Amino acid sequence: MIAVPMGVLALATIYPLVFTANVAMKTRRDYILDRFSLTGSLNWDNLVTAWTSVGMARYFVNSLGVVTASVVLLLLLGSMAGFALSQLPFRGSKALFLGCLAALFIPFQVIMVPFARVMADSGLIDTYPGLVLAYVAQFLPFTVFLMTSYYKTVPREIVDAARIDGNTVYGVYRRIMLPMGTPALLSVGILDTLFCWNDVLISLLMMPSADHRTLMVGVTSLRGQYSDDIPTFASGVLIAAVPVLMVYLFLQRQIADGVTAGSTKG
């Protein structure tokens with residue numbers, strides 16, 4: 001019996017993507033005449049126009065660079081903090097972990113105004129380092145929480161044995177904990193990539209210049225510039241959706257593991 005509602009849910013999920021791809025393949029005339037009919041031919045001109053003339057290629061490169069730098073910093077800082085909070089207890093470590101947990105419940109809209117003021121006073125508005133730091137600040141509590149939960153499952157005896165063998169704290173982290181945390185790092189890295197890639201609000205706040213837009217902000221701007229050219233707008237949406245779709249398609253197991261990483265006992 002569950003197959004029927006699951007099938008309906010699958011169709012409801014897939015239909016918007018199919019509809020967008022179908023619209024992107026139409027000419028403007030064909031779309032005006034019948035927006036819901038299946039296209040009779042594959043018209044790639046809209047995708048080429050969106051990629052070259054509209055500037056989606058530049059937006060794509062902007063997003064790729066910012067997301068890569070942000071995820072690398074998130075995984076580095078998150079794994080270090082997770083190791084320290086789980087295996088190197090110190091005064092205030094529990095309070096610090098609870099603070100990271102509490103930060104997960106604070107929407108960005110609540111801190112948006114003071115956050116923008118601090119970034120503006122620091123000269124980081126409309127700069128790529130500023131956007132990277134903004135993403136790190138927003139998604140680091142989530143990364144720390146999951147990495148701490150994962151590292152708590154590692155037996156403390158492994159760390160003690162490594163210290164007895166002469167490893168420093170950094171040596172234990174680099175030689176023992178970092179390799180053992182590869183599954184969690186992969187899962188959390190995928191989730192952080194999706195968070196940063198799909199973001200619109202933070203990027204729109206931090207990067208007001210058109211040349212510095214990320215891909216998702218670039219797509220939203222198409223709706224105003226090309227309100228009478230829906231096939232071109234649909235092509236931009238399709239370009240932005242394909243990388244995320246590929247991640248979900250080929251790494252769905254790792255995404256599921258990342259979602260449940262914080263539920264392990266510790």
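Gly55 sits in the loop that joins α3 (45–52) to α4 (56–87) in this predicted model. Because its relative accessible area is 5%, below the 20% limit, Gly55 counts as buried. In sequence, Gly55 and Gly218 are separated by 163 residues, yet their C-alpha atoms lie 8.1 Å apart in space.

The residue that opens α4, Met56, leads from this loop into the interior. Met56 is among the residues with the most contacts inside the largest nonpolar core, together with Leu131, Tyr135, Ile202 and Met206. That core comprises 40 residues, and helix α13 (residues 230–250) is its greatest contributor, supplying seven residues. A second core, of 20 residues, lies apart from it and includes Leu146, Met147, Leu185 and Val188. With residues up to four places away in sequence left out, Met56 touches Ala50 and Trp51, and also Leu215, Val219, Leu222, Gly236 and Ile239.

The overall architecture gives these details their setting. The protein contains 14 helices and zero strands, so the sequence, by the definition of these elements, reads as an uninterrupted series of α elements. Its C-alpha atoms fill a box of roughly 75 × 55 × 30 Å along the principal axes. Of the 266 residues in the protein, 38% are buried. Among contacts with a separation of 6 or more, 74% are made by residues 24 or more positions apart; the contact between Met56 and Ile239 is one made by Met56 beyond its sequence neighbours.

The pairing of α6 and α7 shows how two of these helices meet. The axes of α6 (residues 108–121) and α7 (residues 128–151) come within 13 Å of each other and cross at roughly 145°. This crossing is right-handed. On the α6 side, the residues that meet α7 are Phe108, Ile111, Phe115 and Met119; their counterparts in α7 are Gly130, Leu133, Ala134, Ala137 and Gln138. Sorted by type, the residues of this contact are seven nonpolar, two polar and no charged.

The loop between α6 and α7 holds Asp126. Most residues other than glycine have a negative phi. Asp126 has a positive phi of about 65°, although it is not a glycine. With a relative accessible area of 24%, Asp126 is classed as partly exposed, because this value lies between the limits of 20% and 50%.

Further along, α7 also carries Thr148. The relative accessibility of Thr148 is 0%, and it therefore counts as buried. Once neighbours within four places in sequence are set aside, the contacts of Thr148 are Ala81, Gly82, Leu85, Ser86 and Phe97.

Helix α10 completes the account. This helix spans residues 182–198, and its 17 residues reach 24 Å from the first C-alpha to the last, close to the 24 Å expected at 1.5 Å a residue. Its buried residues include the nonpolar Ala184, Leu185, Val188, Ile190, Leu191, Leu194, Cys196 and Trp197. Also buried in α10 are Ser187, Gly189 and Asp192, of which Asp192 counts as charged. Leu185 and Val188 connect this helix to the core described earlier, since both belong to the one of 20 residues.

How values were computed
Residues are numbered from 1 along each chain as its sequence is written. This is a predicted model: local features need pLDDT of at least 70, side-chain atom pairs count only at pLDDT 80 or more; totals for chains, interfaces and linings use all residues. Side-chain values use heavy atoms; hydrogens and water are left out. Helices (H or I, at least four residues) and strands (E, at least two) are DSSP runs, numbered from the N terminus. The expected span of a helix is 1.5 Å times one less than its number of residues. Buried means under 20% relative accessible area, exposed over 50%, partly exposed in between (1.4 Å probe, protein chains only). A nonpolar core is a set of buried Ala, Val, Leu, Ile, Met, Phe, Trp, Tyr and Cys residues joined through side-chain atoms within 4.5 Å. Contact means heavy atoms within 4.5 Å. Axes are lines fitted to C-alpha atoms, for helices over the stretch in contact, and angles run from 0 to 180 degrees between N-to-C directions. A crossing is left-handed if the near helix is turned anticlockwise from the far one by less than a right angle, and right-handed if clockwise.
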